[in-house]
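Me: Hi! I have a new structure open and could use a hand finding my way around. Can we go through it together?

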Amino acid sequence: TLIAKTLAKFLNVPFAITDATTLTEAGYVGEDVENILLRLLQAAEYDLESAQRGIIYIDEIDKIGKTNQNVSITRDVSGEGVQQSLLKLLEGTVANIPPQGGRKHPEQQYIQMDTSQILFLCGGTFSGLTDIIQKRLGRQKIGFNAEREQAQGSLSDMAKKEEFLMKVSPADLVHYGMIPELIGRLPLITSLTSLDAKALVRIITEPKNALVKQYCKFFEMENAELEFTEEALLAIAEKGLKRDTGARALRGVMEELMLDVMYDLPDQKKKGKYTVDRDVVEGKASLFNSKELPKKEIA
């Protein structure tokens with residue numbers, strides 16, 4: 001999402017992020033596919049010329065996969081039906097957009113928008129895709145230890161998953177539940193590698209609203225000083241990596257680490273400089289001296 005947003009910023013074109021999970025086939029409850037274009041038009045402040053050269057990022061594209069297990073005779077309303085509705089938009093067509101959004105009705109005035117110059121980017125997590133690639137490459141684990149190893153998971157496993165994702169082919173995506181016509185209209189398929197520990201350290205220290213800067217500011221408000229050692233930052237990044245949710249895990253790790261410290265800080269008599277090292281992050285030591293910690297009485 002951030003890559004697409006940054007790309008639009010550099011190119012100085014309108015940019016809209018939409019979520020594929022809310023989309024349904026025309027005529028059913030949910031959002032029509034044309035509402036994607038309306039979001040772009042709103043981002044361009046209803047300047048049609050500008051919107052027709054914009055970028056649309058469709059997130060969670062994997063959630064509209066065909067349900068292969070579905071053996072009922074009813075239609076796949078938010079799966080295959082949506083993929084078929086997207087075909088014409090991606091290829092380039094003059095679409096009729098309802099200016100207020102929502103459902104179309106015959107008496108409404110439509111805005112006509114040409115999609116042939118719009119850049120469509122689609123992304124998703126595609127959980128379970130690595131298993132399909134492994135099957136194709138003939139490297140599937142079987143036996144008693146296979147399940148146990150899968151459950152434990154490790155950093156090396158993550159590296160292996162990324163290695164498999166690099167070898168993704170259109171046939172794998174068809175097997176996953178995407179229709180061949182849609183994949184044909186999205187010719188470039190690529191996978192993103194997850195962030196490593198060094199990148200996570202940069203994320204918590206370098207941006208203007210970085211987490212480390214936020215906590216330093218909180219300590220300043222209490223007339224105290226806080227600093228993190230390089231070892232501590234690396235330990236926080238390693239903890240975040242184990243959660244396997246990318247940079248979003250860092251807030252949770254920092255919150256767990258600093259929650260008690262922030263609670264006890266105002267009661268400290270001697271407020272000086274506090275240094276967070278690896279032992280503090282791993283819970284082997286306290287940031288405050290145990291003698292100085294205020295006694296918590298239960299009323």
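**A first look around**

Reply: Happy to! Let's start with one residue: at 49% relative accessibility, D267 counts as partly exposed. Keep in mind that this is a predicted model.

Me: Where is D267 found?

Reply: D267 sits in the loop between α13 and β7, and β7 covers 273-276.

Me: How far apart are the C-alpha atoms of D267 and E222?

Reply: They are separated by 10.0 Å, while along the chain the two residues are 45 residues apart.

Me: OK, stepping back. How many helices and strands does the protein have?

Reply: There are 14 helices and seven strands.

Me: And what share of the residues is buried?

Reply: Of the 299 residues in the protein, 37% are buried. As for the surface, the protein exposes about 19,100 Å², and carbon and sulfur atoms supply 52% of that.

Me: What about contacts between residues at least 24 apart in sequence?

Reply: If you take the contacts between residues at least 6 apart in sequence, 69% of them join residues at least 24 apart.

Me: Let's talk helices. How do α12 and α13 pack?

Reply: Helix α12 covers residues 230-243 and helix α13 covers residues 249-264. They pack at an angle of about 125°, with their axes 9 Å apart. Angles over 115 and up to 145 degrees count as oblique, so α12 is oblique to α13. Their crossing is right-handed.

Me: Which residues make that contact?

Reply: From α12 you have I236, A237, K239, G240 and R243. From α13 come A249, L250, G252, V253, M254, E256 and L257. The residues of this contact divide into seven nonpolar, two polar and three charged.

Me: What lies in the loop between α12 and α13?

Reply: One residue to look at there is D244. D244 has a positive phi of about 60°, although it is not a glycine. With 49% relative accessibility, D244 counts as partly exposed.

Me: Back to α12. How does α10 pack with it?

Reply: Helix α10, residues 197-205, packs with α12 at an angle of about 115°, and their axes are 9 Å apart. Because 65 to 115 degrees counts as roughly perpendicular, α10 is roughly perpendicular to α12. This crossing of α10 and α12 is right-handed.

Me: Which residues of α10 and α12 touch?

Reply: On α10, the contact is made by A197, L200, V201, I204 and T205. On α12, L233, L234, I236, A237 and L241 take part. This contact has nine nonpolar residues, one polar and no charged. I236 and A237 are also among the α12 residues in the contact with α13.

Me: New topic: where does N223 lie, and is it buried or exposed?

Reply: N223 lies in the loop between α11 (211-221) and β6 (225-228). At 67% relative accessibility, N223 counts as exposed, because the cut-off for exposed is over 50%. N223 has a positive phi of about 60° although it is not a glycine.

Me: Last one! Which residues of α5 are buried?

Reply: Helix α5 covers residues 129-137, and its buried residues are L129, T130, I132, I133 and Q134. Just after α5 comes G138, which takes a positive phi of about 70°.

Notes: Residues numbered from 1 in each chain as written. Predicted model: local features only at pLDDT ≥ 70, side-chain atom pairs only at ≥ 80, totals over all residues. Heavy atoms only, no water. Axes fitted to C-alpha atoms, helices over the stretch in contact; angles between N-to-C directions. Helix = DSSP H or I, 4+ residues; strand = E, 2+ residues; numbered from the N terminus. Parallel < 35°, antiparallel > 145°, perpendicular 65-115°, else oblique. Left-handed = near helix turned anticlockwise from the far one by under 90°. Contact = heavy atoms within 4.5 Å. Nonpolar A, V, L, I, M, F, W, Y, C, P; charged D, E, K, R; others polar. Buried < 20%, exposed > 50% of the residue type's maximum accessible area, 1.4 Å probe, protein only. Areas by Shrake-Rupley, 256 points an atom, 1.4 Å probe, with all protein chains shown as cover.
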